[in-house]
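Please look over the sequence and the 3D structure shown here before reading the briefing that follows. The points are grouped by topic, so that each part can be followed on the structure.

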Amino acid sequence: VEAEWTVGPIPTDNPWLAGWEKHNWGKEVIVRYSTDIKSDGVFYTDSNGLEMLKRRYNKRGPSYPEEYLITEPVAGNYYPITSMIAVEDPGADAQLAVLTDVAQGGASLQDGQVELMVNRRVFFDDGYGVQEPLNETMCGCGDINAPPGQTGAHGHEGDGGCVCKGLTVRGKQWVVYDTIERANALRRQAVEELEFPATLGFTSVAVAAPTVSWVAAALPEEIKLMTLTANYADITGGRLLIRLKHLYAAGESVAHSVPVTVDLRKVFARPGFAVQSVEETQLTGIRAPTPHAKLDIGTYIPNPGVAAQLSGKHFPRVPYAGDFTVTLVPMEVRTFLVNLA
């Protein structure tokens, strides 16, 4: 299901509250989805579009004290959502996942519920040092002309010396409700379509070839071509940089969370765009990988709970053998320099 929302401008006053009409109260607008899923206070959020992290209402991870006190029942349970948030009931084999087209804050404050904040406008600084309320307006003015030590042009914080209307924003959310396995499989594919739609172009002249593809074969559905660029050709001997990503995490999907092999000779085989040589590099493309040298980053492991997180499901990396075929394990990202001709 696709939900398209438009929110704004958020007013500064409160005409619906008798006696408080003229008070500048901050407002935060959310979209909430409610189901009968018995999620037992557990929900999952993506980590910058990668693995899904397990969250628990009014709890923190094992690196925090066991009796950690959360004094903000709403804000203390909000997490950044780059791509998706989900609740599920393994006993009923049901999952609700909500996919976003932009980064938003999200939470599950009651069983079976998911909410995402889509717009907000507040008029007072939170006291954490930047002296800036979240009062974005349509004309872009903030706390202008404020004297030193003050944040409001008219003598109080948040007035901004500005009478412009607040921002109006629009976005989309895709809602997936299915069995856990099918939802896990679908959400990774769907969020790619939602966050990276086709870019439209228009011309007033006739186009000889209105359809063209630079790849000769489709990539496996688990693999995404993240980067294809000539931006670094002047320092790579004219080679292009290609970056591939496995979309699924280990243990996420029975069908898709498996090592997948890509034959670059079949994908890049068009005349003028056929692969001639492939060299793997580290993620940034500046040096060759060092798979045999273990990098000790000194991770602090305070208790067995953190140790269990670090020793979770994983697949051993498959080194590139120089034969144009690349095997990516779940959630792996790999970078290559290629010659095309």
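**Briefing: a pocket, a buried arginine and two cores**

Strand E9 gives the largest share of the lining of the second largest pocket, namely 4 residues. The model is a predicted one, and the points below take up this pocket, then Arg188 and Gly49, and then the nonpolar cores.

**The second largest pocket**

- The space that lies in the second largest pocket comes to about 570 Å³, and among the 18 residues that line this pocket, Glu28, Tyr78, Gly105, Met117 and Arg120 are the closest to its centre.
- At least two lining residues are supplied by each of strand E8 (104–107), strand E9 (113–121) and strand E10 (169–178).
- Sorted by class, the lining of the second largest pocket consists of 11 nonpolar, 3 polar and 4 charged residues.

**Arg188 and its surroundings**

- Arg188 is found in helix H1, which covers residues 180–195, and this residue counts as buried because its relative accessibility is 3%, while the cut-off for buried is under 20%.
- The side chain of Arg188 reaches the backbone oxygen of Leu50 at 2.8 Å, and a polar atom of the same side chain lies 3.5 Å from the backbone oxygen of Leu247.
- When neighbours within four places in sequence are left aside, the residues in contact with Arg188 include Gly49, Glu51, Met84, Tyr248, Glu252 and Met331.

**Gly49, a contact from another part of the chain**

- Gly49 is placed in the loop between strand E3 (42–46) and strand E4 (52–56), and Gly49 is buried because its relative accessible area is 12%, where the cut-off is under 20%.
- Although Gly49 and Arg188 are 139 residues apart along the chain, their C-alpha atoms are separated by 9.5 Å.
- Apart from neighbours within four places in sequence, Gly49 is in contact with Thr82, Ser83, Arg188 and Lys245.

**The nonpolar cores**

- In soluble globular proteins, nonpolar side chains tend to be buried together.
- The largest nonpolar core has 18 residues, of which Leu244, Leu264, Phe268, Val278, Phe336 and Val338 touch the most other members.
- Each of the following supplies at least two residues of this core: strand E12 (240–246), strand E13 (260–263), helix H2 (264–267), strand E15 (273–281), strand E16 (325–328) and strand E17 (333–340).
- With neighbours within four places in sequence left aside, Val278 is in contact with Leu264, Tyr320, Phe324, Phe336, Leu337 and Val338.
- There is also a second, separate core of 13 residues, and Tyr33, Ile37, Ala94 and Val98 are among them.

Definitions and conventions
Residues are numbered from 1 along each chain as its sequence is written. This is a predicted model: local features need pLDDT of at least 70, side-chain atom pairs count only at pLDDT 80 or more; totals for chains, interfaces and linings use all residues. Side-chain values use heavy atoms; hydrogens and water are left out. Buried means under 20% relative accessible area, exposed over 50%, partly exposed in between (1.4 Å probe, protein chains only). A polar contact is a pair of N or O atoms within 3.5 Å; within protein, one must be able to donate a hydrogen and the other to accept it, and residues adjacent in sequence count only if both atoms are side-chain atoms. Contact means heavy atoms within 4.5 Å. On a 1 Å grid over the protein atoms alone, a cavity is a set of points where a 1.4 Å probe fits but cannot get out, and a pocket is an open set with protein on both sides within 12 Å along at least five of seven lines; lining residues have an atom within 4 Å of a point. Grid points are joined across faces, edges and corners, and a volume is the space filled by probe spheres set on the points. Ala, Val, Leu, Ile, Met, Phe, Trp, Tyr, Cys and Pro count as nonpolar, Asp, Glu, Lys and Arg as charged, and the others, Gly among them, as polar. A nonpolar core is a set of buried Ala, Val, Leu, Ile, Met, Phe, Trp, Tyr and Cys residues joined through side-chain atoms within 4.5 Å.
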